[in-house]
Amino acid sequence: MGPASLLVLILAAVAFATAAILLSKLVLKASHNPVKGETYECGVPTIGKSWIQFNVGYYLFALIFLIFDVELIFLYPWAVTVQKLGMFAFYEALIFLFILFMGFLYAHKKGALKWM
Amino acid sequence: MNREELQSAITALNADITFEEGGEYLTANIPADACRDIMQALHNLPAFEMDYMFCLTCVDWKTHLTMVYHLESRKHAHAVVIKSKLDRENPEIETLSDIWRTAEFLEREVYDLFGVRFIHHSDLRRLLLTDDWEGYPLRKDYEDPINMIKL
Amino acid sequence: MEFSLSAIANQVDTWLHANCASWLALTIEFVIVGLLCIALFAVLGLVLIMMERKVSAYMQLRLGPNRVGPKGMFQTLADTLKLLVKEGLTPNGADKFLFNLAPFIVMIAAMLVLAPIGFAKDFVIWDINIGVLYISAISSIGVIGILMAGWASNNKYSLLGAMRSGAQIVSYELSAGLSILTIVIFTQDMSMGQIVASQADGWWIWKGHIPVIISFIIFLIAVTAETNRAPFDLAEAESELTAGFHTEYSGMKFALFFLAEYVNIFIVCAVGATLFLGGWMPLHIGNWADFNRIMDYIPSSVWFFGKTFFLIFVIMWFRWTFPRLRIDQLLNLEWKYLLPISMFNLLLATFIAIQGWYL
Amino acid sequence: MDVKDNQQHAFPGDVHPTASGGILVSKLDDVINWARSNSLWPLVFGTSCCAIEMMSTASAKYDWSRFGFEVARATPRQADVIIIAGTIVNKMAPVLKRLYDQMADPKYVIAMGACATSGGPFFYNTYSVVKGADHVIPVDVYVAGCPPRPEALLHALITLQAKIKAGDKREKIVIEKFVDSN
Amino acid sequence: MFITKYLSEVFGGLRSLLTGMRRTGYYFTHHKNIITQQYPNEKPVLAERFRGEVVMLHDDNNEHACTGCTACELACPNATIKIVTKFDLTPEGKKKKAIDKFVYHLELCTMCNLCVEACPTGAITMAPNFEHSVLNRNELTKVLNKPGSKIREGVE
Amino acid sequence: MLQEVAQKETGDLVINVGPQHPSTHGVLHLVITLNGETIKKVEPHLGYIHRSIEKMCESLSYRQFIYSTSRMDYLSAHINNHACALAVEKGLQIEIPERAQVIRVLMDELTRLASHQLWWGALAMDVGAITPFFHAFREREVLNDIMEETCGARLTMNYMVPGGVMFDLHPNFQSRVKDFITLFKSKLPEYDELVTGNVIFQNRMKQVGFISAEDAVSYGCTGPTLRGSGVSCDIRKHHPYELYDKLQFTEPLETGGDCWARYLVRMEEMRQSLHIVEQLIDNIPEGEFQAKTKAVLKLPKGEFYSRVETARGELGVYIVSEGGLTPYRIKFRSPGFSNLSALDHMARGQKIGDLVAIMGTLDLVIPDIDR
């Protein structure tokens, strides 16, 4: 059906979600009380802020992911044609992956893959 | 060590110690101000090596409070009960939480329920009751007309 | 007559073009597609949740829902209705715009991935020529929704859950991508339709030898992690973070996350079935012409859904058997085991493909 | 002595009334109540002994999932019913209140066992026990027992289902009360 | 060797996971292991000693054995039982103490059986009833002696 | 290097876990200081189920107060009652008939089994596996039925009374316990298949929540928590009560000091309890099930301390009597209280997921801690 179908799918998702969320607003009249909107934390008031400068550990993985994801993108066109290109392409990819693997080992050695 | 040996060994620590007759364990009454030294000795001296405090509590005798410590040595398999009288109006005693770490929580509990203040305790707060609770409920004269329905 | 979804679709198409102006026919077709997708979502939600509850029940020596409707069939319907009329809270401290946007993002991401999936022979919304790449790309949009939800909730559990989810999904994206790549090497095409077509004489899991089996296992593990399913459900680890990133969500907003999770399972299993188990291709065994003909009588949509539901069952089986991993173990598994193995496996697959050692 | 007088003597303090009344007529409300009654997701909330019997009710032999109750939610936002399984003490009461307040409407409460119903074994001579959870939040169904056996909890859930199906429209009453008090 | 250790870790791990899956898979396919009792449809078989609530035994003549001695009231740890007595006139014209109401707070009762143990005449016993859910707490306060019931002849 | 950056640049998150939280097994409130996922400090806040049982017992007679202790450590209800009965018997100096002793030991061990089964299921649930919980409850329900048949209740039995037990054994008791032994022996390998052998579970348990023997003793840990650190501490061995000195059983010891060691200790304890039950079930002597006691019990002036081994560790009951009808002061030395005090020590530097596993292996019962 072509690219327009993507628009149709997005519209369908939005319509579905909107309809579902609005329905409860129409049918139900909710009660109000002062603590209802407060943050839930096991039934006791929260201590301090939730929006703090967060541990860098989580982001490190995102960074490393980025490197490997780019690698993956490079590999897709290669994968389509590798059978036609033969062993030459195989060796090329071998070198490419080897360099990446070295990077991986470096990151590993630096402790970037160690959770803290 | 058996009971008699233990008794004589403890007497050697401090002259003011008196012993109670009967009871399952050897029971020694010690003065509150010497408590810490005696306890330290009981914990450290190789003859005693009371490394395990299995009970710490307090009893309200209406005229005074009594701290009760149950100590046991795992190595020598002997046990002793140490008691120490405290003034009821202003109960104060040195903390033992750095000798036996279990005492940290147990002392907080006693502070909470009896109002005994443990000097040099690192974190003496209410443990079981809310911070704004008034009174010490396990004392005999505790009254709470709202919450406590007498049978 | 043989039951075929594509035949019905073609009839509808012809009828519409015969009776309406072409722009109107196209619009009506779009509306039909939209409605069909919504219906698919709703039905999948109902069926998969019921399936999960029954699977878990039987594994746990109990009966599961059996009192609402015949054999408990209406249980999830009742749940859905209840969630529809339950209050959808927005906490005071939350970033209200992002908080309300997050379920939409998750839904859109789940919906978009439907496009290149062939549900039956010649029955596909849009067979994009870079199908598998498209799927890898779109399926990682979902994590943005989760991160958004966790951050916007202004709740510490949510925040932790979202952060975990972010680290987890991006990591497992890699090995999922690498195992998909293995199939691309063999088929030399990225379109889902071509991949299915290449399996007419045997599914890749049979004819691809060891590399494909290894990448199938890695794919299963990786997609289980990507859909935040136990044993990788750290984002919503109940015993640690109460409900993780959707702690503050209630009513239908929560239900949309719930639904998206199940639809995502369906989608990744559909992709797995297409890549490794031949999609809608019937089971053909070598020269057994009679056997093959009988298999051909079974409609292609049945094949597709059968394979997909088998994979879904396997993923549910994981959930009801294994304990949850810890966050550092989870990342260890990916970076120390799955990624090196799949990189090695990719080379092995390339070598076998170039040498032509497959059927 | 009259039983009723005795009752008032026995339970001091304010008791939160549960919503009642509100007759429903339309078919839509019937359907909604059918859905609500068959999809009671409990909050994971157990304080003491009754929690173990609640776990037993969830276990294979009694299996509350047959009624669709097994989706125990850890967060009150997604739960429909609090099963107060165990004693509520003065320190816990504000927490319970807060949890109840933070639940999304409609919400229901079952007081399971003697402690939650009335303070039970800890009614007399205790300084810290709330004499019945309905001093803190409104309770829909009380179930006696110490602890009640799993079937008794199932019976309570069925009673609650019947109450919902009978058409108590809680949120309406709550709103009216809220408006009145302002 | 590093590689062999690595591979044995991978395969050992996979095997342990498959062992677990075989167990759950076994139960998934063998439904005879299901132990669910369907409560409202199948009433449970309760042990005769099961303590569900205190009941007062009445015979066919609507007579019970309670003398109103308050032994149970004293034995009860949390005052679940309140006995309200009255004075009946015997046929000889003498006043005789008898129970007016045997008030039983089921909502307070912990089924500890101490009252039954204390009862000198065996007037009360524990019954295996468990369906005690009510919408109003006051319904749990019960009067155990049936209306119009009398003390059985000869019970002192 | 990266670790340093991480620690300097980011703030700490202070999180409340509990009072209402699935993994705290009740209403424990922990305030956790986190950096990322790593725990810097755990501060337990107690008292959310402090029911003032000690104060209440001061106004209950010696027969009455025992029932309230079933509600303390409800998973070891029999053993709690047993400890109280022992303390009262110590004061009254009653000899317990041999049959009553055997019944008490049998009930204690069955309770320990039931408690450990629940612990096993709950631990598996804490680390994310839900199915084992249901498998554990299958066997536990059989035990509950046995208890119900003899004692009349499933959880809080109030079966032990001063002088013996409340009722005689049910006629079916022996055969049903034997059936249970056969059943449980066939199911224990399944426990290992599902959980013990699982590589994920082992990784979650090993090198987690370490506590050394010295620290554990200093914190007053008892029971499997201490035995996991390699210290022998079983009251049944060191201060035998009832028949325990005549019975054959070993005290499982592990030296690891981590969650895995505690897990193995408890698994082995189940086998040992089963072994004790096996020894006794065919040798229940005939005779009285209750010694003759006065209707009103009065303890002489003095102090009485009884120690028993519950499923969680050492329970001490300390009764101070003034010679009246009720105890003057009663103190329960609960095992969970001391075990909990070591939680901060164990959890520092670990992840949130580990905290859940540590709490699971400590087997906390909060009403036992708060009383």
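Across the interface of chain F and chain D, 19 residue pairs are in polar contact, both partners being at pLDDT 80 or more. The model is a predicted one. On the chain F side, two elements each give two or more residues to the surface that touches chain D: helix H2 (53-57) and helix H6 (131-151). The largest share comes from H6(F), with 7 residues. Sorted by class, this side of chain F holds 17 nonpolar residues. A further 7 are polar, and 8 are charged.

Charged pairs also link the two chains. The count between chain F and chain D is 3 salt bridges. One of these joins Arg149(D) to Glu148(F). Their closest N and O atoms lie 2.7 Å apart. In terms of residues, 32 from chain F are in contact with 36 from chain D. The area buried between the two chains is about 3000 Å². Carbon and sulfur atoms give 64% of that buried area.

Chain E offers a local view, centred on a single histidine. His58(E) sits in a loop of chain E. Strand S1 (53-56) precedes this loop, and strand S2 (63-64) follows it. Is His58(E) buried or exposed? Its relative accessibility is 18%, and residues under 20% are classed as buried, so His58(E) counts as buried.

Two polar contacts involve the side chain of His58(E). The side chain reaches the backbone oxygen of Met56(E) at 3.1 Å. A polar atom of the His58(E) side chain also lies 3.1 Å from the backbone nitrogen of Lys146(E). Residues up to four places away in sequence are left aside in the list of neighbours that His58(E) touches. On that basis, His58(E) touches Glu63(E) and His64(E). It also touches Leu144(E), Asn145(E), Lys146(E) and Ser149(E). Lys146(E) thus appears both as a neighbour of His58(E) and as a partner through its backbone nitrogen.

Chain A can be described as a whole. Its secondary structure consists of 3 helices and 0 strands. Read from the N terminus, the elements run α-α-α. The chain has 116 residues, and buried residues make up 49% of them. Chain A exposes about 6100 Å². Carbon and sulfur atoms supply 77% of this exposed area.

Technical notes: Residues numbered from 1 in each chain as written. Chains lettered and ligands numbered in written order. Predicted model: local features only at pLDDT ≥ 70, side-chain atom pairs only at ≥ 80, totals over all residues. Heavy atoms only, no water. Helix = DSSP H or I, 4+ residues; strand = E, 2+ residues; numbered from the N terminus. Buried < 20%, exposed > 50% of the residue type's maximum accessible area, 1.4 Å probe, protein only. Polar contact = N/O pair within 3.5 Å; in protein donor to acceptor, adjacent residues only side chain to side chain. Contact = heavy atoms within 4.5 Å. Areas by Shrake-Rupley, 256 points an atom, 1.4 Å probe, with all protein chains shown as cover. Buried area = accessible area lost by both parts, 1.4 Å probe. Salt bridge = Lys/Arg side-chain N within 4 Å of Asp/Glu carboxyl O. Nonpolar A, V, L, I, M, F, W, Y, C, P; charged D, E, K, R; others polar.
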